[in-house]
Amino acid sequence: MTESFPVLLAVMAAAAFLCRVAGFTLMRFVPVSPRVEAALRATPLAVMAGITALAVQSGGLAEGLALGSVVGLTLVLRSDVAAALLGVFVVAALRWAGV
Amino acid sequence: MRHECAPYAGMTRALFSFDGFRRGARDGVPLAVSIFAYGVGFGLVAAQAGFGVGKAVATSAAIYSGSAQLAAVNLLQTGEATLWALFATILVINARYLLFGAALQPWLWSAGPLRAYGSLLLLGDANWLMTMRRIRTGEEDRAYLAGTGAPITVGWLAGTALGAGAVSVLPRPEALGFDLMLACFATGMMTAMVKVRADLLPVVVGAVTALVVAHLFGPAPAIIAAGLAGAGVAAMVHR
């Protein structure tokens, strides 16, 4: 690797930028039918479920318990943000306790 | 020009106000706390790879995606990276942004091209999730997305600088549970977004797809596969 840092940075930034705008730009040419709208509405739920499933799988008991508590806390507190912050506290406490 | 489709776009541009920006910025603050910790993590790695504070912060500003930056720094550390390999690595790791952008498009495009593409520069995993959730509950102000990006940008760059500059004295972010922050937000927002029984379908499809794809091909394609599978099944069962 002989390229200077600004060249490396420009190449990396271009790739990241391409990902940011390409899906958005292509979607401009897709008519949003009710079927497409249903697909777009489902996308974040599936992505969030994927993130959660991978975190439970790659983590251990502490991570599983913490994310489980986030589900419960969101339903009880009716605030997803508060539940998420408490979830971080739960996992930190469980790890500190050696779970 | 594309054909505009109701209900997202009419003849006039959608609302894009300072009020919406401020609302987004307020909602972005808790996310920024986790992004700050993630930035510290990236700064630590970058410093160990021989990046100074300036280079580390420049990388965080130019790429603005933690997972892609970590992969790029790992690749650079091998000493055998070509420019194409670097480009391709970031393309693969950030492929999920294709999906994020596509899902935002019908809502965001009606703000006009300059505001829409400008907002996309501040797009990340956490504020995409947050914004999609708010769109579902009726957020009309397109400045909301850029607003969520503002505190996140500050947290990301400040965290990177701190991590790269103070590498020897910091506690590891894992000890404080910050590595699980994005997953916690994803879990919480997912729970809040499930309103009717039909919403459970993309949840189950996404979780199963992510686990299977991660098992077969590793974690990088798992998230985009989950999103595509959830979208595909939702389109199929729609009537």
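Visitor: Is the crossing of α2(A) and α9(B) left-handed or right-handed?
Guide: Welcome! In this predicted model, the two helices belong to separate chains: α2 covers residues 34–58 of chain A, and α9 covers residues 181–193 of chain B. Their crossing is left-handed.

Visitor: Are α2(A) and α9(B) parallel, antiparallel, perpendicular or oblique to each other?
Guide: Start with the axes, which come within 8 Å and cross at roughly 135 degrees. Angles over 145 degrees count as roughly antiparallel and 65 to 115 as roughly perpendicular, with the rest beyond 35 being oblique. The two helices are therefore oblique.

Visitor: How many residues of the contact of α2(A) with α9(B) are nonpolar?
Guide: From α2(A), the residues taking part include L45(A), M48(A) and I51(A), and they meet residues of α9(B), among them L182(B), M189(B) and M193(B). Two residues of this contact are polar and no residue is charged. The nonpolar count is 11.

Visitor: Which helix gives the largest share of the side of chain A that touches chain B?
Guide: Across the whole interface, 63 residues of chain A are in contact with 80 residues of chain B. Helices α1, α2, α3 and α4 of chain A each supply at least two residues of that side. The side divides into 48 nonpolar, seven polar and eight charged residues. The largest share, 22 residues, comes from α2(A).

Visitor: Which element of chain A has the lowest mean pLDDT?
Guide: Chain A averages a pLDDT of 92, and 98% of its residues score at least 70. The highest mean among its elements, 97, belongs to α3, residues 61–77. The lowest, 91, belongs to α2(A).

Definitions and conventions: Residues numbered from 1 in each chain as written. Chains lettered and ligands numbered in written order. Predicted model: local features only at pLDDT ≥ 70, side-chain atom pairs only at ≥ 80, totals over all residues. Axes fitted to C-alpha atoms, helices over the stretch in contact; angles between N-to-C directions. Helix = DSSP H or I, 4+ residues; strand = E, 2+ residues; numbered from the N terminus. Left-handed = near helix turned anticlockwise from the far one by under 90°. Contact = placed C-beta atoms within 7 Å. Nonpolar A, V, L, I, M, F, W, Y, C, P; charged D, E, K, R; others polar. pLDDT = per-residue confidence, 0-100.
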